[in-house]
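Let's take a walk through a protein chain together, starting with the whole and ending with a few small details. Have a look at the picture first, then read on.

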Amino acid sequence: MAEQLERSRARTVQLTDAVDTDDLVKQHSKLMSPLVWDYAHIANQEELWLVRDVGGREPLRQDIDELYDAFQHARADRPALPLLGPSETRAYVTEVRDKVLDVLDHVTFDPGRELVDNAFAFGMIAQHEQQHDETMLATHQLRAGAPVLDAPAPPAGRQLPAEVFIPGGVFEMGTSIEPWALDNERPAHPVQVAPYVIDTAPVTNGDYLRFVLAGGYDDPRWWSEAGWAHVRKASLVAPRFWSEADGQWWRLRFGHQEQLPLDEPVMHVCFYEAEAYAKWAGKRLPTEAEWEFAARFDPVSGRTRRFPWGDDSPGPQHANLGQRHLRPAPAGAYPAGASPLGVEQLIGDVWEWTSSDFRPYPGFRAWPYDEYSLVFFGPDYKVLRGGSFGTDEVIARGTFRNWDYPIRRQIFAGFRCARDPRPEELPGAGSTGGLA
Ligand SMILES: [Fe+2]
């Protein structure tokens, strides 16, 4: 447990030490908090849950709770608050962690106390820090100025069949046994999925560029009513961070201007753009259940796995996670991460927009607090699945659910398409398995 906490802290320190004091306290985008807010908020949540609640210790800084309560202040308003400065923040963060390690030395993981059973509260706090690390990574992407982050390139891609036929059936969606699964992933429940066809890998920049060049952003036929209204109002013409000069397309990546890599998954598109591309391509977005069936169902055993590749935690051979590469990997880069049905790169690389609204599963129980999921359920948010290159392995479970507004583009999100099978593709008509 201490190792998990240390791993997330090393990442937080890397992301905050990479920039100077000015960059720490300033707001790089109205959509984001100043990095120094995230930093102290991470420690404040750790203090609330682990020092005060689990440990039953005296508060360290009750006076700042309100400043770092995400529900009290919108991101846009956070720079104006009397926040702790960078050195005060670092001192507070260290003080909290020292107390937490002491709590950890004395705690008994009593199965009768739900908050500490399976070390849940510690797992929740490690995940919370990693989630904010991904948010801070998105802030780095929005930051202007010279590059400050670097990482090696991901593995090379390979040629893949474009689509995979999925026979459908009943599978177990969600989980009741994953020890650190959050409330919205629970409980496990049977879901019936009709046969469908899904892209083997996420849609690439090269695929998406064809939609852009075909005038996709100027043609209302491909857009939903809400999507068309948004694309006009926001004057969208291409994914965020793309630019064009003299017929050459570029993308900005953590301060580096690079030629658009055609074989990488497209990223920084909103739900409406994903939906419009899919329609243009004669397809649609997968539902959340279709995504999870493709990722977790093993047709041989009839069992639902933890991950596409099995039950083992992700290794570097399985998926592009944890900021290891600072960009999504080209299509076909992770053959060892394929699901039993032959679908690839479901975990890591880019979050994938699904067509589903964020809704509770049957039997949902808000826990350990309503503000984690309950207050977000409804038609305003779309579900994203699978995690990105910036998501840590402690989060990127096959059951993990992310959600955001359909207009958001600053997150590391792309998508893959699905479609209903043609009659000749259905079992009995011949073809099953990979479709070239
Ligand atoms: Fe938070």
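Start with what is tucked away: of the 436 residues of the protein chain, 44% count as buried. Keep in mind as you look around that this is a predicted model. How does the overall size fit? With 436 residues, a compact globule would have a radius of gyration near 22 Å, and the chain's value is 22 Å, so the two agree. If you follow the C-alpha trace along its principal axes, it spans about 70 × 55 × 40 Å. The secondary structure comes to nine helices and 15 strands. Now think about who touches whom: among contacts with a separation of 6 or more, 79% are between residues 24 or more positions apart.

Next, split the chain in two. Domain 1 takes in residues 2-142, and domain 2 takes in 152-436. Their centres, taken over C-alpha atoms, are separated by 28 Å. Where they meet, domain 1 puts in 20 residues and domain 2 puts in 14. Which elements give two or more residues to domain 1's side of this contact? They are α1 (2-17) and α5. Helix α5 gives the most, with 13 residues. By character, the residues on domain 1's side divide into nine nonpolar, nine polar and two charged.

Stay with α5 a moment, since there is something else to find on it. The UniProt annotation "binding site", from an unreviewed entry, covers H41, H128 and H132. These residues are spread over 92 residues of sequence, yet they cluster in space, with a largest C-alpha distance of 10.1 Å. H128 has its place in helix α5, which runs over residues 120-142, and H132 is in α5 too.

Here is a little puzzle: is H132 buried or exposed? You can settle it by counting neighbours, with 20 or more C-beta atoms inside 10 Å as the cut-off for buried. H132 has 23 C-beta neighbours inside that distance, so it counts as buried. H128 has 19 C-beta neighbours inside 10 Å, so it counts as partly exposed. And which residues does H132 touch, leaving aside those up to four places away in sequence? The list is D38, H41 and I42, and H41 is itself covered by that binding-site annotation.

Now hop over to domain 2, which covers 152-436, and look for helix α8. It spans residues 271-280 and is mostly covered, with eight of its ten residues buried. Those buried residues are F271, Y272, E273, A274, E275, A276, Y277 and A278. What lies over them? The cover includes two helices, α6 (205-213) and α7 (225-233), along with the strands β10 (351-358) and β11 (378-385). After α8 comes G282, whose phi is positive, near 75°.

For the last stop, find a hairpin. Strand β5 (residues 242-245) and strand β6 (residues 248-253) run antiparallel and are joined by four bridges. To see one of these pairings, look at E244: its bridge partner in β6 is W249. The hairpin has two residues between the strands, and D246 takes a positive phi near 50° there.

Conventions: Residues numbered from 1 in each chain as written. Predicted model: local features only at pLDDT ≥ 70, side-chain atom pairs only at ≥ 80, totals over all residues. UniProt positions renumbered as here; feature names shortened; annotations may be inferred. Buried ≥ 20, exposed ≤ 12 C-beta atoms within 10 Å, placed from the backbone. Contact = placed C-beta atoms within 7 Å. Rg over C-alpha atoms; globule rule 2.2 N^0.38 Å. Domains from an automatic or database assignment. Nonpolar A, V, L, I, M, F, W, Y, C, P; charged D, E, K, R; others polar. Pairing = 2+ DSSP bridges.
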